[in-house]
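Visitor: Please show me the model, and then I will ask about it.

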Amino acid sequence: MDITTRYPETGTDRPVDALDPSLDTFPKLVERNARHFPRKVAIREKDYGIWQSYTWRDYFEQSRLIALGLAALGFARGDKTAIVGDNRPQLYWAMLATQALGGVPVPLYQDSIEKEMQYIVDHAEARFAVVEDQEQVDKLLNIREQCPRLEHIVYDDPRGMRHYKDPCLLSLEALEELGRKFAQDHPAYFDEEVAKGKAGDLAIICYTSGTTGQPKGTMLSHRNLIVTARNAAEREGLSEDEEVMAYLPMAWVGDNIFSYAQSIVAGFATSCPESAATVLHDLREIGPTYFFAPPRIWENILTSVMIRVDDAWALKRRMVHFFLEVARRVEQRRLAHQPVPVGDRLLYALGQLLVYGPLRDNLGMGRIRLAYTAGEAISPELLGFYRSLGVNVKQAYGMTESSALVSIQKDGDIKLDTVGTPLPGVEVRISESGEVLYRSPGVFRGYYKNPDATRETLEDGWMHSGDAGFIDRDGHLKIIDRAKDVGRLQDGTLFAPKYLENKLKFSAHIKEAVCLGHERPFVAALVNIDLGAVGAWAERRNIAYTSYTDLSQKPEVCDLIRQEVVRVNRSLAEDEQLLGAQIRRFLLLHKELDADDQEITRTRKVRRGFVAQKYAALIDALYSDREHVQVEALVTYEDGRTGTIRADVRICDAETSVVGAGR
Amino acid sequence: MTDAPAARPLLEVDGISVAFGAVQALQRVSMEVGRGEIVAIIGPNGAGKTSLINVVSGFYHPYEGRILFDGQNRTDFKPYDVAALGIARTFQNVALFKGMTVLDNIMTGRLLKMRGSFVLDALYVGPAKRQELAHRAFVEKIIDFLEIQAIRKTLAARLPYGLQKRVELARALAAEPDLLLLDEPMAGMNIEEKEDMCRFILDVHDEFGTTIALVEHDMSVVMDISDRVVVLDYGRKIAEGTPDEVRKDPAVIDAYLGVPHE
């Protein structure tokens, strides 16, 4: 099938946000899929040990029955359906059914506790709920008194439900039966309701768990999701032959884009794992071609691989390490668009046969054409590892308010430490304060029943991301920190402390670092050495030391850390935006930052304000021309007594680099 | 069949005694398990609980008394005959085939239901194949029911103890028993595993209508899920009744807490 039949609504000259009115909602698109490829698999679920497949025709028919059943219960346009459970075809159908009737699905996290669930069900004014099993039914029944608008709870799995007599409960089977009867009396009802749907109608409300306050309901329209899904699918070259695994929570907008919106827009198949515990195994069986995982999962997979490699016998282990190193070299050159030497090319081909291929296959990544990571920063080394194996993992950037996607690293134009270039139709700009702003057809319609929050984040169509970043000289977007933590040097240069500190902490010798620079002439750093790593280093060089304080003030240690700082400076110099934020002076703290001294939190986050106050004398010295400073520090011992440490702290200068020094 | 036998208890144990040499394991113990009941047999260590289960499942034979199942005397039946009657059991110390996968272990529970010819089975054709698929489908239902999908292909020996117990339950269920005998299904489990097991036992009872007799050491667990409780001490039945009645019974309290000797 060629692209014009695949996306009949796309012409070469259509604007990026144009939608064919006959295909501008999900129910209309599924109806098209059922006509175009009725026999093609749309969704699978592993049940009773077997992959049960449903075609696009089934997808459409099942959703239609559920919709008619809901209609029989009195579903009205604008009603909300709470959807709770693991990724199950039935729940995706319930989502489509709700949209077909002009309603809005509200997916909830399946592991939410009752209190969280109660807030969302009540706030969203859900009249209906379609849930997976008894566990979710129990939670909803317990909160029903506080959610007076909730009238009907439909459950899919009847297990354990035999003795439930509450009249608000209904099995999905019974609902479909109601639907069949309703269809006999109202044969045209479904088609009429679908035809009433418009691109601007709400397609979903996703509640985002804020770190502060109550969750906010992000309203996304059919246009938001369809245009975003389509534009990304087109740029990334997704076809109807992709295979994707639906294993991340349905309440998360990413799952909605990958497993629902893009699957429907492009017509590819989604597979639901048997249970949360079998995901990795099911992954191997399906062999997805298109895959998403947050950095945490990529890390876990790498760790499990490395543990198994280290458990292997010596020859095997050496072989793996050797070829992984070859792959790393080759990938580095590929990314830099440099030719790969013939020797390495031959070795890489051999490695493909011996290591990379079997490893990919073992991880269920043998068929991956396209994989994304997003959600938080991923270390370039980790990303590089998978890429060097031949798994095309790319960073994406986005948030619920942007229908999940703002930018993606583009094939053939990838820099490991950026989040790539904006998708078609997305405009990105950086505000005066360094915050990333964007405007796109995917930008949400506002927070449900919360106009104040909407006004705060959405200004003239520009979404305030809350992230600080910049666009580098190749047009790539780079996210450096949360905007509220970012400051400016006196000359106006952007200063992102966490970004610098993370770069410093990448060194095994540096345990903790605090960077200073907001409203200062240059960036300076307080560094905590890692006693274990630096101690071992000192022993190998026959450097004698008595204590942490003593070790930290050895001139050799100062030189060691200086090399690390210079390394960080060199990488900063590669970006014009960060060139001015190089670390000019630093000192090695005479004691470790400690939660008992309130310098860091129990979760090891530096308390900047407190540190700045406590070490004011040291900081003043950093910004003077002195080379030593005398300190007395009050320490709290673990038994609660206090004592003082006196030390002569050395202040070190570090060379800075000029533009492009790293190249 | 008329309705009359249905009114009789499914299992009647009538005055049985078992001895090992000079040791009297059971002395004239009588009890009944009605259709659709969950009956717990409790008692301190060495009370004869497991002996009673072993008598019912045909491992031991009493020197006096008789056992009726479904109204018919089957006191002297051998274990395989007992299994064919519709009684399945689990063991106090898990007795799985360690070198086989969970799936294969559960499939062995279907053996009594299989009718086959050696040749056809070996060739895996025709009726043999159809039969295997039908049994596999049934076993998959049990795997789904007991939520052990993730370990379907894992060797039994590699499983933690709590899961092995669950697999044993699955194997017993695969035989589609009328009466399920569980010998200390919760021994050696932590609180959470015990709660899970309780839920599974109640669900089995609910979904399949299986009659269950279980032996348990831990009184508190049993009291919540049984319809009736039988208490043994030194091979004799010392109490019987609803959990509440048994809990208040002075003989039971003495047996569990000990009586001071003068």
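Visitor: What pLDDT does chain B average?

Guide: This is a predicted model, in which local features need pLDDT of at least 70 and side-chain atom pairs count only at pLDDT 80 or more, while totals for chains, interfaces and linings use all residues. Residues are numbered from 1 along each chain as its sequence is written, and chains are lettered from A and ligands numbered from 1 in the order in which they are written. The pLDDT is the predictor's confidence in each residue, from 0 to 100. In chain B, 95% of the residues score at least 70, and the average is 87.

Visitor: Over which residues of chain B does pLDDT stay under 50?

Guide: For this stretch the model has 2 contacts beyond four places in sequence, a contact being two residues whose C-beta atoms, placed from the backbone, lie within 7 Å. The stretch is residues 1-5 of chain B.

Visitor: What radius of gyration does chain A have?

Guide: The radius is taken over C-alpha atoms, and the globule rule is 2.2 Å times the number of residues to the power 0.38. With 663 residues, a compact globule would come out near 26 Å. The value for chain A agrees with that: 28 Å.

Visitor: How far apart are the centres of domain 1 and domain 3 of chain A?

Guide: Domain bounds come from an automatic or database domain assignment. Chain A is divided into domain 1 (27-235 + 248-264), domain 2 (290-483) and domain 3 (486-653). Taken over C-alpha atoms, the centres of domains 1 and 3 of chain A are separated by 52 Å.

Visitor: Which are the edge strands of the open sheet β24-β25-β26-β28-β27 in chain A?

Guide: Strands (E, at least two residues) and helices (H or I, at least four) are DSSP runs numbered from the N terminus, and two strands pair if DSSP finds at least two bridges between them. The sheet has 5 strands with mixed pairing. Two of them pair on one side only: β24 (510-516) and β27 (628-636) of chain A.

Visitor: Which residue of β28(A) stands opposite R585(A)?

Guide: Strand β26 (residues 583-588) and strand β28 (residues 642-653) of chain A run antiparallel and are joined by 3 bridges. Opposite R585(A) in β28(A) stands D653(A).

Visitor: What angle does helix α20 of chain A make with β26(A)?

Guide: Helix α20 (residues 555-572) of chain A packs on the sheet and touches β24, β25, β26 and β28 of chain A. Axes are lines fitted to C-alpha atoms, for helices over the stretch in contact, and angles run from 0 to 180 degrees between N-to-C directions. With β26(A), the direction of helix α20 makes about 150°.
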